[in-house]
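I opened a fresh page for this one and went through it step by step. Here are my notes, in the order I looked things up.

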Amino acid sequence: MNQKGFSKIVGIFLIILIVAVGLLTFKIYYSPHSQNEIAKNEDLLPKEKLPLPEKSDLPKIENIKRSISIPEPLIFPEIIERGARSLEEEKIIYFTNFYREEEGLEKLKENEILNKAAKERLEDMFSKQYFEHISPEGIGAEKVVSNLGYQYIMVGENLALGNFKTEKELVDGWMGSPGHRENILNPRFKEIGIAARKDWFKGKKTFIAVQIFATPLSECPLPDENLRLEIEGKKKSFDSLQSKAEDLKNEIENLQKQTEVLYQQAQGLISKGEDLINQGNDLVKEGNRIFEQEGDEEEAQKYWSQGQDLQKQGEEKINAALFLQEKINENNNLIETKINEYNNLVSQINSLSQELEKLISVYNSQVSRFNQCIQ
């Protein structure tokens, strides 16, 4: 082979080499990124949350139903014979209990506070010259008893004015009056106080006698105050935990919404990126075809440049989506942490709720017994 022929072969080989290098350089195919790379992790999102228990309202102690029994004051008709000079309170109590025992009722116990209240009522009537259950200032037996520190459920008062020969005559007079008899024989009364004295009343010397009957509050035990305070304390903890759980629940829901927005943005970026890469690949393919079939490198270069630009833009979109994926992962991890915290709170709430229900049940039973007792 002569030198001219050898040079021609070398030239053809160089052309083939250049074309091959060009093909290797510009024949670039970008595979679209899989959308699964940006998929949100459903396992980290809350699938089911324990429901918050409803708030329980503590029962309130009903107002103590105190009752007052005050029949019309009894004025005895004047008698010709002179009455006794004094009457003994002990004997008045004796005959009062005598008639109660005849009816099969429990004896009334003498109470010093009630004695003091009866004496205070009697002295007030003599001092201000009135004979009524209510003083001119509007004060009755129940007020006097309360002011002396006696806690009662029921209070009754019998009044009598006249010249009595004996304690039995006084009590018999009350027993002959339906309203006064009802007080003496009321089975719910447990204690009594007595005062009787002869003094000047509207120009004449006469007796005023006062019986005060009462049922002390101790007959109906109040609900346990320590139990009520314990319930109130646990109720505050319960409300605090519920409020905290509600706030945490809102935080989780807001994070879920933010994550969903990021996920949609990432999916949009991937879709756009894939479209741009596919468009770029198509242009690169066309440039390769022109170069291979027509040998027009200049024309092919136009397609290669445009294709590479689109491929680069698509890759930037994909990278932006991958950056969002990091934020999505951070959010999902935070959501998982908060859900665990939330479920722990709900577990505490449910446990405390059960404890409260038991305590409130005991307390309600005490309230029910108390209210039944005072009726």
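**Overall layout**

I began by counting elements: the protein chain has eight helices and six strands. I kept in mind that this is a predicted model. Reading from the N terminus, I wrote the order down as α-β-β-α-β-α-α-β-α-α-β-β-α-α.

Next I looked at burial, and found that 40% of the 375 residues in the protein chain are buried. For the surface, I noted about 21800 Å² exposed by the protein chain, with carbon and sulfur atoms supplying 49% of it.

I also checked how far apart in sequence the contacting residues sit. Of the contacts between residues at least 6 apart, 84% join residues at least 24 apart.

**The cores**

Which residues have the most contacts inside the largest nonpolar core? I listed Leu87, Ile92, Ala160, Phe164, Leu170 and Trp174, in a core of 31 residues. I then traced where this core comes from: α2 (89-102), β4 (152-162), α5 (167-175), β5 (191-201), β6 (204-216) and α8 (297-374) each give at least two residues to it.

A second core, of 22 residues, lies apart from that one, and I jotted down Val144, Tyr152, Ala195 and Ile212 as being among its members.

I went back to Ala160 to see what it touches. Leaving aside residues up to four places away in sequence, I found Leu74, Phe76, Phe131, Leu170, Trp174, Phe207, Ile208 and Ala209. Two of these partners, Leu170 and Trp174, I had already met in the list of residues with the most contacts inside the core.

**A closer look at α2**

I turned to α2 and its 14 residues, which reach 20 Å from first C-alpha to last, close to the 20 Å expected at 1.5 Å a residue.

Which residues of α2 are buried? My list reads Ile92, Ile93, Phe95, Thr96, Asn97, Tyr99 and Arg100. I followed these buried residues outward and saw them pack against β3 (109-110), α5, α6 (178-184), β5 and β6.

Just after α2, I noticed Gly104, with a positive phi of about 75 degrees.

**A nonpolar patch outside**

Last, I looked at the surface and picked out a nonpolar patch formed by Ile68, Ile70 and Ile134, with about 230 Å² of accessible area together. I placed Ile70 in the loop between β1 (67-69) and β2 (74-75).

Why does Ile70 count as partly exposed? I put it there because its relative accessibility is 36%, and partly exposed lies between the cut-offs of under 20% for buried and over 50% for exposed.

Technical notes: Residues are numbered from 1 along each chain as its sequence is written. This is a predicted model: local features need pLDDT of at least 70, side-chain atom pairs count only at pLDDT 80 or more; totals for chains, interfaces and linings use all residues. Side-chain values use heavy atoms; hydrogens and water are left out. A nonpolar core is a set of buried Ala, Val, Leu, Ile, Met, Phe, Trp, Tyr and Cys residues joined through side-chain atoms within 4.5 Å. Buried means under 20% relative accessible area, exposed over 50%, partly exposed in between (1.4 Å probe, protein chains only). Helices (H or I, at least four residues) and strands (E, at least two) are DSSP runs, numbered from the N terminus. Contact means heavy atoms within 4.5 Å. Accessible areas come from the Shrake-Rupley method with a 1.4 Å probe; for residues, only the protein chains shown count as cover. The expected span of a helix is 1.5 Å times one less than its number of residues. Patches are made of residues with over 30% relative accessible area and no salt bridge: like charges are joined within 9 Å, nonpolar side chains (Val, Leu, Ile, Met, Phe, Trp, Tyr) within 5 Å. A salt bridge is a side-chain nitrogen of Lys or Arg within 4 Å of a carboxyl oxygen of Asp or Glu.
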